[in-house]
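Colleague: I would like to know what stands behind the words you use. Let us take them one by one.

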Amino acid sequence: MYRLRSMQIAPNLTALLAGASAVLAFAPYSLPLFALLSPALLWLLLRDQPPARALLRGWLFGLGFFGAGVSWVYVSIHTYGNASVVLAAALTLAFCAALALLFALQAWIGARWFSGGHAWLGFIALWWLFEWLRSWLLTGFPWLYLGYAWIDTPFSALAPIGGVWLLSMLSLLLAGGAVEALLRRQLVPLLPGTTLALCALLLPNHWSQPAAEPMHVAVVQPNVPQLMKWDPDHLSSILDQLIGLTEQQPEAELVVWPENAVPALYHRIADRLAPLLEWLETTNTTLITGLPTATRDLNNPERVLYHNSLMALGEQTGLYHKHRLVPFGEYVPLEAQLRGLIEFFNLPMSSFSLPQRNLSPLRLGRHEIASAICYEIAYPELVRKSALSAELILTVSNDTWFGRSIGPDQHLQMARMRALENGRWVIRGTNNGITALIDPKGQISARLPVDETGVLRGSVTPMTGQTPYQRVGAWPLLAINLLLLGLRLLRVGAARKHDGAAAAGLNN
């Protein structure tokens, strides 16, 4: 009995560690080999297992995967939500355990309906589909996609073709194919992955072209402490700093302030900004700043809705409201039940609403800008759609919530992937880092040190032309994976029917 129990503990522990090892594939570690080893180990542990055992191992893998990969959630809950160490750890664990249920379900479905010959293809299709599922289920949590690991490799040429989704598929084909090739002692399972990898080396790397001359931009990184940001006593000093840094940039055509850089509604600080607006008009400069805004509810005019917004001032005007809100940080699910229980459920500005109507896009001169606030940049399809007619991408964030954890590095890596997918320059403005300018190949052109006040000066070029991914998105890969699973279901169903008929014949 003891020996049997030990034999069960070892693979379960391996599943947990295999999931945790995946974090090494992503920034700041950027070791893409682990984007192969982690899923390969999971498939090795799930192969030929009964559904109940696969369910447990899938959940343990997911617990390690998210426990290590999104551990930065603890910082915002404990440091800025004022939860105790025990409570913050428990909430972080509960969050990761809930996300791990997706891997558990994925593993169970694979063992239940996609076992038998070529089951590894079902494993690959299910993993990919669950990555896609995480892009929209319950507003989505599109973090830690395997494809991000390949951004600094020659395989990144696949991103403009099929986005991060195609790079995830490459990772899965290579990982699953390697396991099957070793166990079967055949090279055939390696062919799909190696063929896709070779195609990446032959693909063109120019899908977009300059639409205008380079434009000078200045991105302000104010580095305001999070605990000070929403204190009304510090509003005046925050504005003084932002205005002072901006007026030192007369050569910039665009100045960017980060997410909620102005911690007050615009009408409350309009008089204070009046001299700056005059300066912007004199220098032909556009300022885009993050700030909260208020609108009347279209369905109930007596009700005021608050939005996490971007506003253009000066040479150009415009407004953008955030479309993907962060649970608990920007809105509280089950608000009537949770609001007030602990300080974490009362974070500043945690009552934002979604926009009720479409707004005109932000512009820089005659050039349209696609906007993404905070973790909106993590949504491949959201950014793709907004960038279809845009020539630049702007993303602003306040990653101060996550301290010096791995969260900001992962966030920057996603912004780099969006630049590569869409063939556009990305301007990334943050409160305390990582502020950067990213070229259309996903490479960082310039950046500021973390936790320092400063202004990032540089040039960006409006781009035209569309990548294949921009045109069609993830739909071709979605169709391929659904077709693959459908064929597997038909084959497994036919095999079981045949086995049942054979057994009936023997009984007769």
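Colleague: Why is Asp297 called buried?
Modeller: Its relative accessible area is 7%. Buried means under 20%, exposed means over 50%, and partly exposed lies in between (1.4 Å probe, protein chains only). So Asp297, at 7%, counts as buried. Before we go on: this is a predicted model, so local features need pLDDT of at least 70, side-chain atom pairs count only at pLDDT 80 or more, and totals for chains, interfaces and linings use all residues. Residues are numbered from 1 along each chain as its sequence is written, and side-chain values use heavy atoms, with hydrogens and water left out.

Colleague: What makes the pair Arg303 and Asp297 a salt bridge?
Modeller: The N to O distance is 3.1 Å. A salt bridge needs a side-chain nitrogen of Lys or Arg within 4 Å of a carboxyl oxygen of Asp or Glu. The pair of Arg303 and Asp297 therefore qualifies. Arg303 itself is partly exposed, because its relative accessible area is 44%.

Colleague: How do you know that Glu180 and Arg184 form a salt bridge?
Modeller: Their closest N and O atoms are 3.0 Å apart. Both residues lie in helix 7 (residues 159-184), four residues apart, about one turn of the helix. A helix here is a DSSP run of H or I with at least four residues, numbered from the N terminus. Glu180 has 1% relative accessibility, so Glu180 is buried. Arg184 has 29%, so Arg184 is partly exposed.

Colleague: Where do Arg384 and Glu381 lie, and what are their accessibilities?
Modeller: Both lie in helix 13 (residues 380-387), three residues apart. Their salt bridge has its closest N and O atoms 3.2 Å apart. Arg384 is buried because its relative accessibility is 6%. Glu381 is buried because its value is 15%. Elsewhere, salt bridges that share partners join Arg47, Asp48, Glu180 and Arg184 into one network. The whole structure has eleven salt bridges.

Colleague: What makes you say that Lys229 has no salt bridge?
Modeller: Lys and Arg count as positive, Asp and Glu as negative; His and the chain ends are not counted. The nearest side chain of opposite charge to Lys229 is Glu259, 8.1 Å away. That distance is outside the salt-bridge limit, so Lys229 is buried yet has no salt bridge. Lys229 is in helix 9 (residues 226-229). Not counting residues up to four places away in sequence, it has contacts (heavy atoms within 4.5 Å) with several residues, including Val224, Ile238 and Glu259.

Colleague: Which side chain of opposite charge is nearest to Glu131, and how far away is it?
Modeller: Arg134, at 4.6 Å. This too is outside the limit, so Glu131 is buried without a salt bridge. Glu131 is in helix 6 (residues 119-133).

Colleague: What makes Glu131 and Ser168 a polar contact?
Modeller: Their side chains come to 2.9 Å. A polar contact is a pair of N or O atoms within 3.5 Å; within protein, one must be able to donate a hydrogen and the other to accept it, and residues adjacent in sequence count only if both atoms are side-chain atoms. The pair of Glu131 and Ser168 therefore counts.

Colleague: Which residues line the largest cavity?
Modeller: Glu131 is one of them, with Leu102, Phe103, Gln106, Trp127, Phe130 and Arg134. Helix 5 (85-113) and helix 6 are the elements that give two or more residues to this lining. The space is about 50 Å³. On a 1 Å grid over the protein atoms alone, a cavity is a set of points where a 1.4 Å probe fits but cannot get out, and lining residues have an atom within 4 Å of a point. Grid points are joined across faces, edges and corners, and the volume is the space filled by probe spheres set on the points.

Colleague: Why is Arg185 called exposed?
Modeller: Its relative accessible area is 78%, so Arg185 passes the exposed cut-off. Arg185 lies in the loop between helix 7 and helix 8 (191-202). It has a positive phi of about 60° although it is not a glycine.

Colleague: And why is Ser30 called partly exposed?
Modeller: Ser30 is at 32% relative accessibility, so it falls in the partly exposed range. Its phi is also positive, near 55°. Ser30 is in the loop between helix 1 and helix 2.

Conventions: On a 1 Å grid over the protein atoms alone, a cavity is a set of points where a 1.4 Å probe fits but cannot get out, and a pocket is an open set with protein on both sides within 12 Å along at least five of seven lines; lining residues have an atom within 4 Å of a point.
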